[in-house]
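The following exercises concern the domain layout of a protein chain and one of its sheets. Please work through each task before reading its solution.

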Amino acid sequence: MRRWGPAGLCGADCHNHSTLSGDNTCGTDDRIINLAAEQIEFAPTTEHNRLYDWQPHIDRLGLHDELTTVPGLELTGSGAHLNAFPFRPAPFTQDNGAPVWNPDPRISAITLRDWQGAEPDRWIQINHPDMVADFIDRDGDGRVDGGFAGLAQLIDGIETQNYRGSEILGGQPFRIQRASSTRETVVYVREVIRLQMLNQGHRYAAMAVNDAHSVHGNGVDAWRMYMPSASDEPSAIDWRENSRHAKAGRSILTSGPFLQAETTDGIQPGGMARGAGGVSLRIKVQCTTWIDIDRVQILANGLPRPDLNFTRQTHPDRFGDGVVKFDATVPVSLTEDTHLIVVACGEHSDLSLGYGTSPQAAIRPCAYNNPIFVDVDGSGFAPNGDRLGWPLPVKQLSVEEARKLIAARSQ
Ligand SMILES: [Zn+2]
Ligand SMILES: [Zn+2]
């Protein structure tokens, strides 16, 4: 019996580990208890390089009314890691019947798509993706070559949020990070590169996961997804329904705030709205007592438009102090086909009250939706190609080149 959680939605985390992964520091039952305690209701089994099913553990622990799984794996090697489900573990065979990883993620994706027979609802995602190698500069020679051509069409989702805090409002596809007292490195920002790629026509869904390898420190629940579910009882969750919603982008990603965003005519994330001149968005953000937000920013084709930015400072009347932090209908004027992402975040708060001494405590509250697409001209949705004022970042970007590009952008 479902005890809490939003009605009609399912809380999901599609990437976690336990004993069988080999690099994890808790038992399988501990991971199951961790997932159930954090009220994750759907958690595919994603151990490294072997097919496995957590369901017997869930049943033995008496947690079948709290949590459900589907057998799957994380296919892992020295390049792209991919999660996929469902599969049938084959005991007493090598890796329980898992396929072998391939350095070309397209071959891995095709292999997973057809493994144990084609399955139309099979889910395939790239974990903690190297957006540059995968989609921009495959051979790493510093020139745009399109990455692994066709890969974007072979996958269903990518992890834009894997355990750490979000930089989706950072506005830069790369930044300079101090690696030691004498050395700086260029860090690529997945969330922003994904916004650039959306404008190039990429349509795979964004995912938020924990990739938990421990219980304290890198445990479950810094991030989760919410997506529609016909049943509010975890034991009745249908992985096929879940996979279809996820493929369609009908989901939000959150490190805590509960975000609802739709057009006033009811188009949900992942959907296509029709609106000559624009649309209106109905936005509601709710938080538990130890989480707060102070900014709601709508990204229009990835750009943080100033007229679609609301903060507690600039719009105090828009923000509440109770459970409901923001509840408004916002008109969005548009002159071209536009994808809309609502970001709700706490720029001056973190998760420390909930996470204590865990490094997850430093993560800022953040939630955003997969895009709502708006067809403005009535001829279907056409991506605008905009790179958000930056080049598509290539490999081998030196600290000096990065500094020059950042300086040029800020002028
Ligand atoms: Zn991995
Ligand atoms: Zn992993």
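**Exercise 1.** Into which domains is the protein chain divided? Describe the contact between them.

*Solution.*

Step 1. In this predicted model, the chain splits into domain 1, which comprises 1-254 + 382-411, and domain 2, which comprises 256-380.

Step 2. The centres of domain 1 and domain 2, taken over C-alpha atoms, are separated by 22 Å.

Step 3. Domain 1 gives 26 residues to the contact, and domain 2 gives 31 residues. A contact here requires C-beta atoms, placed from the backbone, within 7 Å.

Step 4. On the side of domain 1 that touches domain 2, at least two residues each come from α6 (190-199), β8 (205-209) and β10 (252-254). The largest share of that side, four residues, belongs to α6.

Step 5. By residue class, the side of domain 1 that touches domain 2 contains 13 nonpolar, 11 polar and two charged residues.

**Exercise 2.** In which order do the three strands of the open sheet lie? Determine its edges and one bridge partner.

*Solution.*

Step 1. The strand order is β11-β13-β16, and the pairing is antiparallel. In general, strands of a sheet pair through backbone hydrogen bonds.

Step 2. β11 (258-263) and β16 (324-333) are the edge strands, since each of them pairs on one side only.

Step 3. Six bridges join β11 to β13 (residues 278-286) in the antiparallel sense. Ala261 has Ile283 in β13 as its bridge partner.

Step 4. On average, neighbouring strands of this sheet are turned by 15° against each other, direction ignored.

Technical notes. Residues are numbered from 1 along each chain as its sequence is written. Chains are lettered from A and ligands numbered from 1 in the order in which they are written. This is a predicted model: local features need pLDDT of at least 70, side-chain atom pairs count only at pLDDT 80 or more; totals for chains, interfaces and linings use all residues. Two strands pair if DSSP finds at least two bridges between them. Axes are lines fitted to C-alpha atoms, for helices over the stretch in contact, and angles run from 0 to 180 degrees between N-to-C directions. Domain bounds come from an automatic or database domain assignment. Two residues are in contact if their C-beta atoms, placed from the backbone, lie within 7 Å. Ala, Val, Leu, Ile, Met, Phe, Trp, Tyr, Cys and Pro count as nonpolar, Asp, Glu, Lys and Arg as charged, and the others, Gly among them, as polar.
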